[in-house]
Amino acid sequence: ETTQYKLDVYSASMCATNSEETGDYFTTFSDGIGNGYVVLSDGMGSGKNASLESRMVVTMFKKLINSGVEHSSAIKLINSIMLTKSSDEAFATLDVIKINLDTAYLTIIKSGASATLIRHNNQVIKISSTTFPIGIVNEADTYSRNFEFDPNDIILMFSDGISENQYHYIKELLLCSNDLRFIVDEICRKAR
């Protein structure tokens, strides 16, 4: 069945200095019951190991959601796996946008993730949480918040590389442009 809305997603990334591979991984998917997801993870460190951690977290989250597991239960299960998978530290952030594509109802889910910016009704809202990344502590603490969302609103998710003093510039970009590609490319160009 066709949903009333669809997601338009654009991404850009840069590797850390002296690294050939980014430690970030993201995907978009639909759960088959009218919800669209954008999932972003940043593996701790840089390069191949960080990439492996973030890819594993995102892939497990997608599989569990598509199997009908509720998001907080999925995160608890992934956290348990990350804690027991090796004697080395293995952890990654998890940042999830869930949008009901019939009602445009938005849920933001975070575990240790960077701030998310939402442009809604000509205002920019910054969503931050103080949760830990997945795989650090025994009890996975998840931040979740719901929002009304309009078809022309914009959401910006970040993994890292954006300093706190850049948010004012990003807010100005969001308020002055509707071109998602331009906004994302400008942010990436100015990021460290």
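Two strands are taken to pair if DSSP finds at least two bridges between them. The structure treated in these exercises is a predicted model.

**Exercise 1. Pairing of strand S5**

Determine which strands pair with S5 and in what sense.

Solution.
1. Strand S5 comprises residues 116-120. Between S5 and strand S8 (residues 154-157) there are four bridges, and the pairing is antiparallel. The criterion of at least two bridges is therefore met.
2. Within this pairing, Ile118 has Ile155 of S8 as its bridge partner.
3. Strand S6 (residues 123-127) is joined to S5 by five bridges, and these two strands also run antiparallel. Thr116 has Ile127 as its bridge partner in S6.
4. The connection between S5 and S6 is a hairpin with two residues between the strands. In the turn, Asn121 adopts a positive phi of about 50°.

**Exercise 2. Burial of strand S5**

Establish whether the two faces of S5 are covered or uncovered.

Solution.
1. In a regular strand, side chains alternate between the two faces of the sheet.
2. On one side of S5 lie Thr116, Ile118 and His120, and on the other lie Leu117 and Arg119.
3. A residue is buried if its relative accessible area is under 20%. Each of the residues on both sides is buried, and both faces are covered.
4. The count for the strand is accordingly five buried residues of five.

**Exercise 3. Salt bridges and their surroundings**

For the pairs Lys110–Asp95, Glu164–Lys126 and Glu186–Arg189, give the N to O distance and describe the placement of the partners.

Solution.
1. The whole structure contains four salt bridges, among them the pairs examined here.
2. Lys110 and Asp95 form a salt bridge at 2.9 Å, N to O. Lys110 belongs to strand S4 (residues 106-111) and Asp95 to strand S3 (residues 94-100), so the contact ties together parts 15 residues apart in sequence. Both partners are buried.
3. Glu164 and Lys126 form a salt bridge at 2.3 Å, N to O. This pair links distant parts of the chain, 38 residues apart: Glu164 is in the loop between S8 and helix H3 (167-176), and Lys126 is in strand S6. Glu164 is exposed at 56% relative accessible area, whereas Lys126 is partly exposed at 36%.
4. Glu186 and Arg189 form a salt bridge at 2.8 Å, N to O. Because they are three residues apart in helix H4 (residues 180-190), about one helical turn separates them. Glu186 is buried at 14% relative accessibility, while Arg189 is exposed at 55%.

Notes
Residues are numbered from 1 along each chain as its sequence is written. This is a predicted model: local features need pLDDT of at least 70, side-chain atom pairs count only at pLDDT 80 or more; totals for chains, interfaces and linings use all residues. Side-chain values use heavy atoms; hydrogens and water are left out. Buried means under 20% relative accessible area, exposed over 50%, partly exposed in between (1.4 Å probe, protein chains only). A salt bridge is a side-chain nitrogen of Lys or Arg within 4 Å of a carboxyl oxygen of Asp or Glu.
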